[in-house]
Amino acid sequence: MIDHDEVNGDWEFDPAHTRIGFSAKHAMVTTVRGAFNNVTGHLHVDTEHPENSWAKVTMDVTSVDTRNAQRDEHLRSSDFFEADKWPEITFVSTHIEEVDDRAFSVTGELTIRDVTRQVMIPLALTGIETGAYGELRAGFEGSRRLNRRDFGLEWNTPLDSGGVLVSEKITLEFEISAVKSVPAEEPDEPDDDSPDSSEDDD
């Protein structure tokens with residue numbers, strides 16, 4: 001069972017241990033995987049009042065990485081993401097629901113290029129542990145299949161077999177490590193009995 005006291009609060013993505021990626025079929029026979037190396041994200045969880053929970057994720061399009069420089073440049077071009085014009089992909093939640101123990105449904109607006117569509121992303125809480133430096137960490141994983149043409153990513157090349165070079169269906173992949181924010185300590189209240197230094201001495 002989830003310890004709601006541990007989950008509740010604000011969480012920041014740890015970019016060094018977070019992967020937000022995608023996979024697509026190439027030439028109808030192989031799977032090509034990629035990821036965005038520069039990702040920021042914030043998650044606010046309120047299990048008592050779920051309507052107050054929210055998430056925001058930003059991916060730097062120029063950081064796309066498929067382990068092939070020529071392919072990465074093509075993805076940044078106007079055939080696909082057109083990074084010069086639209087340098088970020090964003091997701092902003094509109095509704096978060098705990099659908100089962102350690103399972104969440106995150107609905108929100110995904111913006112790629114100049115197209116915004118509502119999508120639902122299922123996320124599973126994989127665990128909460130204390131890190132090496134005393135920080136509280138949470139892991140989330142999930143995936144969602146989308147049609148890239150819905151976001152204006154329409155480039156393709158037909159194959160002699162009748163298929164296409166790049167599949168229209170892509171799978172978004174989420175492997176998130178988030179660190180819980182520690183609330184700032186409130187300053188100590190002054191002691192009523194302490195002398196008021198602002199008063200002049202007699």
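Which side chain is joined to that of Glu 173 by a polar contact of 2.9 Å? Keep that question in mind while you orient yourself in this predicted model, and the tour will come back to it at a later stop.

**Stop 1: the whole chain**

Begin with the entire protein in a cartoon view, where two helices and 11 strands can be picked out. Following the chain along its sequence, you pass through the pattern α-β-β-β-β-β-β-α-β-β-β-β-β. If you colour the 202 residues by accessibility, 41% of them count as buried. Among contacts between residues at least 6 apart in sequence, 56% join residues at least 24 apart.

**Stop 2: from S4 through S5 to S7 and S8**

Select strand S4 (39-45) together with strand S5 (residues 54-60), and you will find the two paired in the antiparallel sense over six bridges. A useful place to centre the view is His 44, which stands opposite Trp 54 in S5.

Now add S7, which spans residues 88-100, and trace the five bridges that join S5 to S7 in an antiparallel arrangement. Two of the pairs to display here are Met 59 with its bridge partner Ile 89 in S7, and Thr 58 with its bridge partner Thr 90, also in S7.

Next bring in S8, which covers residues 103-112, and is joined to S7 by nine bridges, with the two strands again running antiparallel. Within this pairing, select Ser 93 and look across to Gly 108 in S8, which it stands opposite.

**Stop 3: the turn at Arg 102, and a second positive phi**

Move to the end of the S7 and S8 hairpin, where two residues lie between the strands and Arg 102 takes a positive phi near 65°. Arg 102 has this positive value although it is not a glycine, and its place is in the loop between S7 and S8. With a relative accessible area of 32%, Arg 102 is partly exposed.

Then select Arg 67, another residue other than glycine with a positive phi, here near 70°. Arg 67 lies in the loop between strand S6 (64-65) and helix H2 (69-76). Is Arg 67 buried or exposed? Its relative accessible area is 82%, so Arg 67 counts as exposed.

**Stop 4: the second largest pocket**

Return to the strands of the second stop and switch on a pocket display, looking for the second largest pocket, which has a volume of about 190 Å³. Its lining is made up of 15 residues, and those to label are Val 45, Ser 53, Ile 96, Glu 98 and Phe 104, which lie nearest its centre. The elements that give two or more residues to this lining are S4, S7 and S8, and the largest share, four residues, comes from S7. If you colour the lining of the second largest pocket by class, nine residues appear as nonpolar, three as polar and three as charged.

**Stop 5: Arg 145 and the residues it touches**

Select Arg 145, whose place is in strand S10 (residues 136-147). At 56% relative accessibility, Arg 145 counts as exposed, because the value is over 50%. Not counting residues up to four places away in sequence, Arg 145 touches Lys 169, Ile 170 and Thr 171. Draw a distance between the C-alpha atoms of Arg 145 and Ile 170, and you will read a separation of 5.7 Å for two residues that are 25 apart along the chain.

**Stop 6: Glu 173, and the opening question**

Finish at Glu 173, which is found in strand S11 (residues 166-180). Glu 173 has a relative accessible area of 11%, and it is therefore buried, since the cut-off is under 20%. Show the side chains of Glu 173 and Arg 19, and the polar contact of 2.9 Å that joins them answers the question with which the tour began.

To see what else surrounds this position, which residues should be selected as contacts of Glu 173, leaving aside its neighbours within four places in sequence? They are Arg 19, Ile 20, Gly 21, Phe 22, Ser 23, Arg 33 and Gly 142. With these residues displayed, Arg 19 can be seen both in the list of contacts of Glu 173 and as its partner in the side-chain polar contact.

Notes
Residues numbered from 1 in each chain as written. Predicted model: local features only at pLDDT ≥ 70, side-chain atom pairs only at ≥ 80, totals over all residues. Heavy atoms only, no water. 1 Å grid on protein atoms, 1.4 Å probe; cavity = no way out; pocket = protein on both sides within 12 Å on 5 of 7 lines; lining within 4 Å. Points joined across faces, edges and corners; volume = space filled by probe spheres on them. Nonpolar A, V, L, I, M, F, W, Y, C, P; charged D, E, K, R; others polar. Pairing = 2+ DSSP bridges. Buried < 20%, exposed > 50% of the residue type's maximum accessible area, 1.4 Å probe, protein only. Polar contact = N/O pair within 3.5 Å; in protein donor to acceptor, adjacent residues only side chain to side chain. Contact = heavy atoms within 4.5 Å.
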